Amino acid sequence: MLEYLSKYFDITLFFFNPNITPAQEYDFRAQELSRLIGEMPLPSSVKLICGRYDPQEFYDVAKGKEELDEGGARCYDCYKLRLCETAKVAKENGFD
């Protein structure tokens, strides 16, 4: 997807998921994403923004939903948390 789309668009990826634990795993995944886009043969550069890591944000939205099935309300709240942060970063950076 990046190989194709980077022919036509300026792309910035946003890495943010406070549901990843521990912090070392979050950092590892962010570093691997950075390495991947650095090594891919892309027609134009792809930028990466790594969001802050605060697992308490996930714990706050998941509180009281620990026993719910995977794919249910807890997941939707996590998606909302991540998409709202993505929209905030997009607005702050003037992305269309």
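Helices and strands here are DSSP runs, helices of at least four residues and strands of at least two, numbered from the N terminus. With that in hand, let's explore this predicted model through a few exercises.

**Exercise 1. Get an overview of the chain.**
Task: Find how many helices and strands the protein chain has, and in what order they run.

Solution.
- Step 1: Count the elements; the chain has four helices and two strands.
- Step 2: Read them from the N terminus, which gives α-β-α-β-α-α.
- Step 3: Look at the extent of the C-alpha trace, about 45 × 30 × 25 Å along its principal axes.
- Step 4: Check the share of buried residues, which is 27% of the 96 residues.
- Step 5: Take the contacts between residues at least 6 apart in sequence; 67% of them join residues at least 24 apart.

**Exercise 2. Locate the cis peptide bond.**
Task: Work out where Pro22 lies, and describe the peptide bond from Thr21 to Pro22.

Solution.
- Step 1: Place the residue: Pro22 belongs to the loop between strand 1 (11-15) and helix 2 (23-39).
- Step 2: Inspect the bond from Thr21 to Pro22, which is cis, with omega near -5°.

**Exercise 3. Follow the strands.**
Task: Decide which side chains of strand 1 are buried, and determine how strand 1 pairs with strand 2.

Solution.
- Step 1: Walk along strand 1 and see the side chains alternate. Ile11, Leu13 and Phe15 point to one face and are buried, whereas Thr12 and Phe14 point to the other face and are not buried.
- Step 2: Turn to strand 2 (residues 46-50), which pairs with strand 1 in the parallel sense over five bridges.
- Step 3: Pick out a partner: Leu13 is bridged to Leu48 in strand 2.
- Step 4: Add the helix between them; strand 1, helix 2 and strand 2 form a right-handed β-α-β unit.

**Exercise 4. Examine helix 2.**
Task: Compare the length of helix 2 with its expected span, then sort out its buried and exposed residues.

Solution.
- Step 1: At 1.5 Å a residue, the 17 residues should span 24 Å, and the end C-alpha atoms of helix 2 are 24 Å apart, so the two agree.
- Step 2: Find the buried residues Tyr26, Ala30 and Ile37. They cover an arc of only 30° around the axis, and therefore sit on the same side of helix 2.
- Step 3: Ask what covers them; the cover includes helix 1 (2-5), strand 1 and strand 2.
- Step 4: Go to the face turned away from the buried side, where Gln24, Gln31, Gly38 and Glu39 are exposed.

**Exercise 5. Do the same for helix 3.**
Task: Name the buried residues of helix 3 (residues 55-62) and say what covers them.

Solution.
- Step 1: The buried residues are Pro55, Glu57, Phe58 and Ala62. Their arc around the axis is only 155°, which means they lie on the same side of helix 3.
- Step 2: Helix 4 (73-92) is included in what covers these buried residues.
- Step 3: Step just past helix 3 to reach Gly64, which takes a positive phi of about 90°.

**Exercise 6. Is Glu85 buried or exposed?**
Task: Classify Glu85 and list residues it touches.

Solution.
- Step 1: Find Glu85 in helix 4.
- Step 2: Apply the cut-off: buried means under 20% relative accessible area. Glu85 has 10%, so it is buried.
- Step 3: Leaving out residues up to four places away in sequence, Glu85 touches Phe14, Phe16 and Arg52.

Terms used. Residues are numbered from 1 along each chain as its sequence is written. This is a predicted model: local features need pLDDT of at least 70, side-chain atom pairs count only at pLDDT 80 or more; totals for chains, interfaces and linings use all residues. Side-chain values use heavy atoms; hydrogens and water are left out. Buried means under 20% relative accessible area, exposed over 50%, partly exposed in between (1.4 Å probe, protein chains only). The arc is that of the directions from the helix axis to the C-beta atoms. Contact means heavy atoms within 4.5 Å. Two strands pair if DSSP finds at least two bridges between them. A crossover is right-handed if, with the strands pointing away from the viewer, the path from the first strand over the helix to the second runs clockwise. The expected span of a helix is 1.5 Å times one less than its number of residues.
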